[in-house]
Amino acid sequence: MSPAFVLEVQTSREEEELVESHEYHDGVKHLCERGLAKVPRKYILPALERPFMSKKDGATNLKLPVIDLAKLQGPDRVHTLKSLSKACEEYGFFQLINHGIASESVLNMFQAARKFFELPFEERSKYMSKDQSAPVRYGTSFNQNKDSVFCWRDFLKLSCHPLSDVLPNWPSSPAELRQAVVNYSKETKSLYLMLVKAVLESLGVVEKAENADENDSCDHLKEFEDGSQLIVANFYPSCPEPDLTLGMPPHSDYGFLTLLLPDEEVKGLQIQHEGRWVTVEPIPNSFVVNVGDHLEIFSNGRYSSVLHRVLVNPFKSRMSIASFREFYWIHGVSRTQEQELPGV
């Protein structure tokens, strides 16, 4: 084989890889819309990192501890706080019921996000950006700037702080998206602060109202009110070979707490519990809440920021909505521009 021919073949392969790389950055949904019978090489994990789907593991489902927010507001608060503390210590996750957010707000948020992902690629791609501080960002994988193997996930990230500044940058289509996110972000902010207060009380940082100085309690909570908010809509298309890839790789969340609206019809979230990967059984009308890295640091390791990942489904797409609030003051921890807030 002549050197010239070898060089021509190498150049051709390099050009193909560049074309493929560009296509992968356009997102999984765009690939699926063009028709896929097999998982492309770019998404195939090394054998030891693939989800192990034996019959035994496939049947290992987990019902997370359940925290009833209504009981945090009544005479059962002390008992509920103990349950909250135990859940954060032993699981790093819990499901929150009676959270007070209207079912209409949740439904509108899900529907608006789904309609965005159903837009033509040309419309979705307007919001693609490598700038992680952008007020709106449509992207793919976990960190598409760094991932050597891509994961089976597209996302829409919306900065929600301050709303008056970021709102004009959000997608104008679908028409209902902006209002749905505004309503949802305001409600989840209030819910978040109620949960933070309960977490601080469970750690002994803030005492019960009847025993604590009201101003001191307010000072502690004021530090949490000033954080920024981010809402992430995740979309996981159905996958022809789900054993070869993941919707999200094993990771812990960076922030203090994550509020997740799971897909109630399609399971996929797995957490590492007692050395095994177990699938979370979603409860209707609930949030999945998990401890983030900041809370683990803040609690001196008492509460655990647990590894979790997302499986993909061979028949159905899956969606979830994650809400984060970021705080830069906790124990001197600062977020760099290279870190991602994934959500699941």
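**Helix crossings, a pocket, a cavity and some unusual backbone spots**

Let me start with one helix pair: α6 crosses α9 in a left-handed sense. Before I go on, note that this is a predicted model.

Here is the geometry of that pair. Helix α6 covers residues 103-117, and helix α9 covers residues 177-202. Their axes come within 9 Å. The crossing angle is roughly 135 degrees. The two helices are therefore oblique to each other.

Which residues make the contact between α6 and α9? On the α6 side we have Ser105, Asn108, Met109, Ala112 and Ala113. On the α9 side they meet Leu177, Ala180, Val181, Tyr184 and Glu187. By class, that contact has seven nonpolar residues, two polar and one charged.

Now stay with α9, but change the partner. Helix α5 runs over residues 77-90. The axes of α5 and α9 come within 9 Å. The angle here is roughly 85 degrees. Angles of 65 to 115 degrees count as roughly perpendicular, and that makes α5 roughly perpendicular to α9.

The α5 residues in this contact are Arg77, Leu81, Leu84 and Ser85. Their partners in α9 are Lys197, Ala198, Val199, Glu201 and Ser202. Sort that contact by class and you get four nonpolar, two polar and three charged residues.

A word on the description itself. Two packed helices are described by the angle between their axes and the distance between those axes.

Next, the empty space. What volume does the largest pocket hold? About 420 Å³. Its lining has 16 residues. Nearest the centre of the pocket are Val106, Leu107, Phe110, Pro262 and Glu264. Which element gives the most to that lining? Helix α6 does, with six residues. The pocket lining splits into seven nonpolar, five polar and four charged residues.

Then the cavity. How many cavities of 30 Å³ or more turn up in a search of the whole structure? One. The largest cavity holds about 60 Å³ of space. Its lining reads as follows: Pro262, Asp263, Val266, Lys267, Gly268, Leu269, Val280, Pro282, Val288 and Arg318. Six of those lining residues are nonpolar, one is polar and three are charged. Look at Pro262 on your screens. It is listed for the cavity lining, and it is also among the residues nearest the pocket centre.

Last topic, the backbone. There are two cis peptide bonds to show you. One runs from His161 to Pro162, with omega near -15 degrees. Pro162 sits in the loop between β5, residues 154-159, and α8, residues 163-166. The other runs from Ser173 to Pro174, with omega near 0 degrees. Pro174 belongs to the loop between α8 and α9.

And where is Ser141? In the loop between β4, residues 136-140, and β5. Its phi is near 60 degrees. That is a positive value in a residue other than glycine.

To recap the helices: α9 is oblique to α6, while α5 is roughly perpendicular to α9. Helix α6 also comes back in the pocket, with six lining residues. That's my tour.

Key:
Residues numbered from 1 in each chain as written. Predicted model: local features only at pLDDT ≥ 70, side-chain atom pairs only at ≥ 80, totals over all residues. Heavy atoms only, no water. Axes fitted to C-alpha atoms, helices over the stretch in contact; angles between N-to-C directions. Helix = DSSP H or I, 4+ residues; strand = E, 2+ residues; numbered from the N terminus. Parallel < 35°, antiparallel > 145°, perpendicular 65-115°, else oblique. Left-handed = near helix turned anticlockwise from the far one by under 90°. Contact = heavy atoms within 4.5 Å. Nonpolar A, V, L, I, M, F, W, Y, C, P; charged D, E, K, R; others polar. 1 Å grid on protein atoms, 1.4 Å probe; cavity = no way out; pocket = protein on both sides within 12 Å on 5 of 7 lines; lining within 4 Å. Points joined across faces, edges and corners; volume = space filled by probe spheres on them.
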